[in-house]
Structures are given as C-alpha cells and as structure tokens.
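Q: Please take one part of this model and look at it closely, strand pairing and side-chain contacts included. Once that part is clear, please set it beside a few other places in the chain and then the chain as a whole.

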Amino acid sequence: MDVLLLLVAAAVCALICPYAHASRAKAPALPIQSEREPLPSKGVSGCSFGGRFYSLEDTWHPDLGDPFGVMHCVMCHCEPQRSRRGKVFGKVSCKNIKQDCPEPDCEDPVLLPGHCCRTCPKGDSDRKATESLFDGFEFFQEKEDDLHKSYNDRSYLSSEQMNTGDSKTDFVALLTGVTDSWLPSSSGVARARFTLTKTNLAFSITYQRMSRPSVIVFQDSDGNTAFEFRVPRAESDMICGVWRNLPKSHMRQLQEEQLRVSMVAADGRREEIQGKIIKHRALFAETFSATLTSDEENSGMGGIAMLTLSDTENNLHFILLMQGVIPAKENTSPLVPIRVKLQYRQHSLREIYANVTAHDPDFAEVLTDLNSRELFWLSRGQLQIVVETEGHNPRHISGYITGRKSCDTLQSVMSSGDALTPLKTGAVGSAIFNLHDNGTLDYQVQVAGVSSDVVGVTIEMKPRRRSKRSVLYDVTSDFVAAPAGGRAVGSYGRMEARHIHMLLQNELFINVATAEHTEGELRGQIRTLLYSGLDSHTHELPFPLAGQFVSPPVRTSAGGHAWVSVDERCHLHYEIVVNGLSKGDDLAVNAHLHGLAEIGEMDESNTNHKRLLTGFYGEQAQGVLKDMSVELLRHLDKGTAFIQVSTKMNPRGEIRGRIHVPNSCEFGSRGEVVEEAEFDDLVFVRDPEELRKDPHTCFFEGEHHAHGSRWTPHYNSCFSCICQKKTVICDPVICPALTCPHTYQPEDKCCPVCDERKAPKEITAAEKVEEHPEGCYFEGDQKMHAPGTMWHPFVPPFGYIKCAVCTCKGSTGEVHCEKVTCPPLTCSRPVRRNPSDCCKECPAEDTPLPEEGELMQADGPRHCKFGKNYYQNSEHWHPRVPLVGEMKCITCWCDHGVTKCQRKQCPLLSCSNITRREGKCCPECADDFTKEEEMMKMVEKKKSWRP
C-alpha cells in the first residue's frame, strides 16, 4: 500500500482571506513542494552528496537526476578521515567499476537493467547474489493454524506481511556494577532491550537498586563514546529513547556484538553500571521477564530472565543471563553447581539443579505443567525466580516475574474491513492499552463514525470456527455513548497468564458490535507499536481517522489513528497507523512520494491549507515536519486542522480526522492585529535591539529583518525578499502572460499591463463612480496592485506560484485568483521542462533552429555553458559525465541560455524476459534479441558463400 498523507488546515488567512469573499467560485489549487528528507543533526560524521546524507563507510551509485538517472557503473564511498585534532569526518570518493566486472563464462552475456556488468542469462549467479542479501536474517516458521483461515482475519500479523523494508532485529543487554575498576561500583542492575529498524535503534531500559540515571552512553569497540542520551527526569523506573541515524560502522559493530552501553547516576553518590549488547533468539518469543538483584551492596551481581509460555501447554520456558554470580577467579572447577527456585512468598514451589561455567553462565530450562495456582500467581506478578550457588561462600540473586516491560505501545486500529464479515462503513475504532506488573490491564477505547448505537465492546481471541467468536473480556459496561460513537475507559484486573502471553504476542483482538451489525462492525488486532520517540502514546488517545470524516463522506473499509505533537521548537511530530485497506486497494495505489501537495478547498464552504507530510508503504508512517507556517500552527492550536490519508481509489481523501494540538508557537507572526479600519496605515516595528538578539533575524542591506517578514529590496524593486531563519530568499517578480492586444510598461511597475486606452468601450457613469481609485491590496506580497493588473501570487516561504494568476478587479478593489489551465497534450509521456514550470509539455525530438533575422540581432539568443564547454543557441550535443564518458542515450540542447537534456524515449515492452545490450539505449526483449542475432549470423554466412 502506497499512501499519500496530507495535513490540512481549515483556513488559510495569510493567502486566501483577502480575496475569499470576492467570489464564491471554487478557490484555486496551488502547488506546494513537499519537504525534503531531513538531514541528520549536527555532530554526526558522514558525507553529503547530491542533497543526501551518507554515513561513514556507506557506498552508493550516484543519482544525477532526470534525465541522467543512476550511474550504475560508478561507485561512491564515504571514506572516514581524521583531522589533525583527531575529529573524524567523511570524504566522498567515486570510481568507475566497469573495469572490475568479472568476465562472464558464457558465449552470449546480457546486460540487465539497473546493472553495470554483463551476466549470463538464466545463470545461478544472480540467484546466489540475491540469496546473500538475506544472510544474517532469522526466519521463523508460520504458525500451522494460520495457513488455512476459514474466516476473515487478515489483521493477524503473519510473516508474509512483513517485508524486508520493515525488518527489525532485537538485542538485549544486562547492566551491572563494575567491581574490577577504581571507579565506585553500584548495586544497581538494569535490563535493556533494543530494536534496530533501518538506521534507528530504539531502546527500553528498566533498572533496580539505583537512583535514576542522568545519562546513557554507548561505546564502540575501541571504547570511544559513540552516542550519549540525556535521560529526562521522571518518577518511572523506565527509560525510553532512540539513537537515530546509526553510522554504518556502528551498525556493523552492533551486529557483531561489539558495542557496550553504560548508565551513570550522578544524584548524590556517583553510580555506574554497564554491559554488552548482544543478540538473543529468546527475545522473539519473550512475554514475561524478571530482573534479578543481590542483597549485597556493590557486589556487581545481577541477572535477567526471559520467559514464555508454551502455545498449547502450561509449560514455562525461561533463559537466565547472569553476571558476577560466578567470578572466574574463584572458579577452581570448570563446572559450578547452581540451584534455580520458583518461589511464592518465600515458599519454594519448584527447584532445578544444574551446572554452569564461569565463561558461559547462561542457563535455559522448562518448568512443566504449571498448576492453576502457579498460573494465577504468575499473572499477578507474585512469583519469584531465585538463583543460588552452592558451596562455602554461596551467592544469591532473585527477582519477581512480570509481563514483559517496554516503551512500545499496545494499540489497535479497528476498521470495518477487518470485521469477521467484511464491511465498508467508513467508521473507525481506536484503542490503547497499558499492562501493569500485577496483571491489571488499563484500556481506552474510542469509536467514531458508526451509523447505529454501539451494543458491545469485547476483547477476543481468534475465532475457532467461522461463526463462533471467542470472547475473553466484555468491557461494554464502561462504554459511554456519544453522537456516532463513544468511549470506554477502564481497567480489567483479572487477566490470566495465558491471556497476558497472547496479548504480548499480538494474538488478541478488540471487537465493536453495533445495533445494525450485531456480530461486529469494527475489529482490529491488538498490536505492539515500536517506540519512536513520541511519549504521548502511553497516556493520550490518538486522533481517529475515518472515511465518515471526509467531505463528502467515504464508505471505506479502512480506518486509522494518528498521534501528533508539537515540540518546543515548533516542529510537528506525527505517527499514523492505518488498517483495513483491501488487497485491491493496495495494488491500485499509485502515489507520488515526492510529488506536489495542493492548497485549495476541502468542501464548498471552507478554504484549506494542505501540506504534504509523507508517502508511505505498509500500514504506518512517522516523521517530523519542520518550518511549519504560523497559520497552520494556529489551526492546530484551535482544533481546525485535519490529517488526511489519500489513495488512488480515493485521491480526494479516503480517511480523515480533526487534529487539535494546543501550542504557543506565535514566533514569526506579524505581531498584534489591529481591527479598526482607521489604523490601517500604521506600521508596527519591532525594537531594533530585540531584533539583533533574535537568533532567527536576517541582516540584509544594512538592516535587520524578523523571521517571516517580507520586503522589497533596495537594489531592485522588481524583487521580493523573505526572511526564513537567518536566510534571506529573494525572488524576481514573475510577470504573467497577457492576452490583451495592446500592453504598455508603467514606469513604477515591474510588469507590463493591458493598455485599455487603445481598447475603448462604453462605460456608464455608475461604473465610473464604482471604480476603485487605488487598486487592490494583496496579503501575499503585501503590495498594492493597480486596477486590471495581473500577477502570479507570492506565497511565503515558497515564492511565486506560477500555477495561479491573480487579477485586481478595478470595480471593487478585490483580488481574484485562478488556477492556470494547462493546454491538452497529445503525447503519452509529457515532461516538465523546469521545476518551476506549471504545465507539462510534450518532449520534442528536435528544437527548430532560429530564423536568419533572429541571428542577425545584436541582442540575440544567449549561449549555454555545460561543464567547461559553451554551446550556441539550439545546438545539440551528448553530455560527458566524469568517470562515465559520453552519454549517447541523452541529448542536450541550448534553449535561449538554458541547457535542457532529455533521455531517448524507449518503447514499452510487454515481454517478461528483458535485457539490455551494451551500446544500446533501450532495453529489449531477450527473445527478439536472440532472433535478431540468429538472422545476423545467417546474413554473415550467406555473404561468406558468395565468390
């Protein structure tokens, strides 16, 4: 599923309001470029190349953009360098790798699209190369009872739904005090769980017997600090964080278990605990855990237990990781006997005897056939696991077993498409859960967009038969109805151990039944959402996204919810989860990930402001939107903003939700608003001293300008400048094409205007009286425009929008803007010549040469510079690219001083076996190539027969 996400505000006063009342016609749709992918924060070593950031040791094929594309025969490398002061930085080096291609061992090698080296057709080399991509990944068998589903339960997360782009790897670390160091030790023990997704490492850390740490430090294999995380103050014993944009070298060390992590507490006596980050297979199935500590002070002893229940029997599997329990210096025998006990209130329930070594103190065992009392105590967090050594100086560590703790969010999106009988109602349900150590489950459920009363809210297992639901807990009594939905907030204190296990294994569902659909209108799987840095997940319900909220409403099978927050820097953080899109919709989605968002109306009565958030595949998306406009932040503060998810099936919106995020981001606004008309001529000026102290102020032409302010520069009155966080952006005024037969250039204007004096018409006396003598004031560029003039609107911070033309209505003094209508095109693949052009054009194979009179003009067409060469107007050439040479498949030409390039248009191929011959610009069907080659050989043979 490829989805476009839009953040939509209910009104845009900065651009639309000045002329919103001029006409009831539909407002123009103005394109706004989507935000580029943010670069990593300062301090991260790496290389910048082509507008993208690469970590140290990264390799890539450079992308020269359209029409050149990716240079598959050039390999670039971000090489780590060290300055004289020892600071590590990156340096880009590129080389042509074509000479390194191995010689194929077949007679007729082919060049596949997207490759540099020729390979043998239908050989095993490609398959082996593909298989090597999966080295290091662990695969788990699909559950047997999921292979043949007789009911609609597509929301169940199976391995086939997990693609490699979303693959993640889990790690764990046991942190204990250091006893063989001169630094003060600690009695503290911590368990850290890490999840690597792409280049981000999320971590959840719980600790005992120490004060709250102030900093977490990651160290590389050389003992150098790789990353520091400042721990925020809180009352909890849980620490949540994300290490973003791991360099490739550190990712490799993480996979090789060469990274260490330490925590330092500085309140009062300084304490430090540390440990090694390792992989462990038990993390995949873990549903219960325990942290084991010692009663001895500063002993350096500790341990963690990872536990899980069997799927079919009441067997408790566990693995113990220990540190300091068996010191190597005291070990006189290779095997040390230990005793593992399961206790309830100091009463031993079960005992296991085993032998471990000092070098490998890990221990795994199964406690079989737990009885009902043991399972009850397990669910309440009252069972204790104890490890003791035997002998002269016994050591002892212990800890209570609870449900697995993490910073991840237990949540569910309920959609009508995932109901046991699939529906398309456009309603949505949303829920979050919080599991306590004593087995109590807190829940918050909201339902929106249903057309009949809610009659049931239940937590269920997968149905065993098609028509038989498996209800575990009924929470309908907590549901408070509201128009088209309602909420349920409460706690359930009697969860069984088996159900806790299923909850943390993503095997439970929540079902909402309505009067119209008594078996269920909405249903969703309760799934764990990986911690992303947003702390609002655990205590705030997300904003629901439903088809019923779209204008006009959409009866869709999909639903979703979103968490949105604004930080102290006024950056918008968002995380969206969607559910219930049918397979047909998934295949039909065709969104442009780097396309244009539009500014325009959501319905007939309101104008709106859209900003593209992101395009995404799968069921969730997250990100940060920076440089938010003050208007959009105001709408978020007032609750008049929306998030909308659009698909190819519903390009005007499939699900939508109202967003309310209170904030105080007024910095950069124009200050106070004076409503009385008699004060229109007043100009409010900020204190010069205040401007100088402002870190976002721009200094230009000897003057300070506030962030967000606009002005006309002294050097050229036909330019307009804007200050964007210390950066001045000046754009020339773009003059629209005039359709009138006679124009003239006023001395005080930048653009020509229609000469109405040469097109006389009868004007009544009433019209003369009504004609506005001063013209029109446009809020976008904050300028007066003469009656009848036309211009492209200026929209900060994007500059002039060429896809719209505004006109000053002389009779009323109002501004009327319309979207430019592009001419119909007959070609199948139109192109946009320049990024700022509004309309696409048909690509021309040849550009006509200028007429003779045009060449004779003294002020003739400008020449073009490409690389180190100059070309005359209309001259054609094949560009030369360093390390590659002449690119014969691309033709460039000079168009009045502007260099334009185009790749040769290739026909669409319907065959499945596509190849590319060396020296050819377009791919070919392999079968046609073989036939053509046989024909050429026959022709050569016939020639050799002739005397």
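**A strand and its two partners**

A: Within strand β15, Lys276 is the residue that serves as the bridge partner of Arg260. The model is a predicted one, and every value that follows is computed from it. The pairing to which this bridge belongs is that of β15 with strand β14, residues 260-265, where the two strands run antiparallel and are joined by six bridges. Strand β15, which spans residues 271-276, also pairs with strand β8, residues 168-177, again in the antiparallel sense but over two bridges. In that second pairing, Thr176 is the residue that stands opposite Gln274 of β15. As general background, strands of a sheet pair through backbone hydrogen bonds, in either a parallel or an antiparallel arrangement. It is also general that side chains in a regular strand alternate between the two faces of the sheet.

The side chains in this part of the sequence add a salt bridge, in which Glu272 and Arg270 meet at an N to O distance of 3.5 Å. The two partners differ in their burial class: Glu272 has a relative accessibility of 14% and therefore counts as buried, whereas Arg270, at 36%, counts as partly exposed.

Other charged pairs can be read in the same way. The chain has a count of 16 salt bridges, and one of them joins Arg193 to Glu286, with the closest N and O atoms 2.8 Å apart. Because Arg193 lies in strand β9 (residues 189-197) and Glu286 in the loop between β16 (278-279) and β17 (288-292), this pair ties together parts that are 93 residues apart in sequence. Both Arg193 and Glu286 are buried, and the two residues belong to a network of salt bridges that also links Asp170 and Arg191.

A further pair is formed by Arg339 and Glu388, whose side chains meet in a salt bridge of 2.6 Å, N to O. Arg339 is in strand β20 (residues 336-344) and Glu388 is in strand β23 (residues 383-389), so this salt bridge ties together parts that are 49 residues apart in sequence. Here Arg339, at 22% relative accessibility, counts as partly exposed, while Glu388, at 15%, counts as buried.

Arg469 offers a case in which the surroundings of one arginine can be listed at length. Its place is in strand β30, residues 468-474, and because its relative accessible area is 19%, which is under the 20% cut-off, Arg469 counts as buried. Its side chain makes a polar contact of 2.5 Å with the side chain of Glu460 and another, of 3.3 Å, with the side chain of Thr458. Apart from residues up to four places away in sequence, the residues that Arg469 touches include Leu420, Pro463, Asn511, Thr518 and Glu519, as well as Thr458 and Glu460.

A helix and a second set of strands complete the tour. Helix α4, residues 372-379, has Glu374, Leu375, Trp377, Leu378 and Ser379 among its buried residues. The N-terminal end of α4 is capped by Asn371, a side-chain oxygen of which lies 3.1 Å from the backbone nitrogen of Arg373. After α4 comes Gly381, with a positive phi near 70 degrees. Elsewhere, three strands form an open sheet in the order β46-β47-β48, with antiparallel pairing. Its edge strands, each paired on one side only, are β46 (710-711) and β48 (727-732). Six bridges join β48 to strand β47, residues 719-724, in the antiparallel sense, and in this pairing Cys721 has Cys730 of β48 as its bridge partner.

For the chain as a whole, the count is 11 helices and 66 strands, and buried residues make up 44% of its 947 residues. Among contacts with a separation of 6 or more, 57% are between residues 24 or more positions apart. The exposed area of the chain is about 52200 Å², of which carbon and sulfur atoms supply 50%.

Methods. Residues are numbered from 1 along each chain as its sequence is written. This is a predicted model: local features need pLDDT of at least 70, side-chain atom pairs count only at pLDDT 80 or more; totals for chains, interfaces and linings use all residues. Side-chain values use heavy atoms; hydrogens and water are left out. Two strands pair if DSSP finds at least two bridges between them. Helices (H or I, at least four residues) and strands (E, at least two) are DSSP runs, numbered from the N terminus. Buried means under 20% relative accessible area, exposed over 50%, partly exposed in between (1.4 Å probe, protein chains only). A polar contact is a pair of N or O atoms within 3.5 Å; within protein, one must be able to donate a hydrogen and the other to accept it, and residues adjacent in sequence count only if both atoms are side-chain atoms. Contact means heavy atoms within 4.5 Å. A salt bridge is a side-chain nitrogen of Lys or Arg within 4 Å of a carboxyl oxygen of Asp or Glu. Accessible areas come from the Shrake-Rupley method with a 1.4 Å probe; for residues, only the protein chains shown count as cover.
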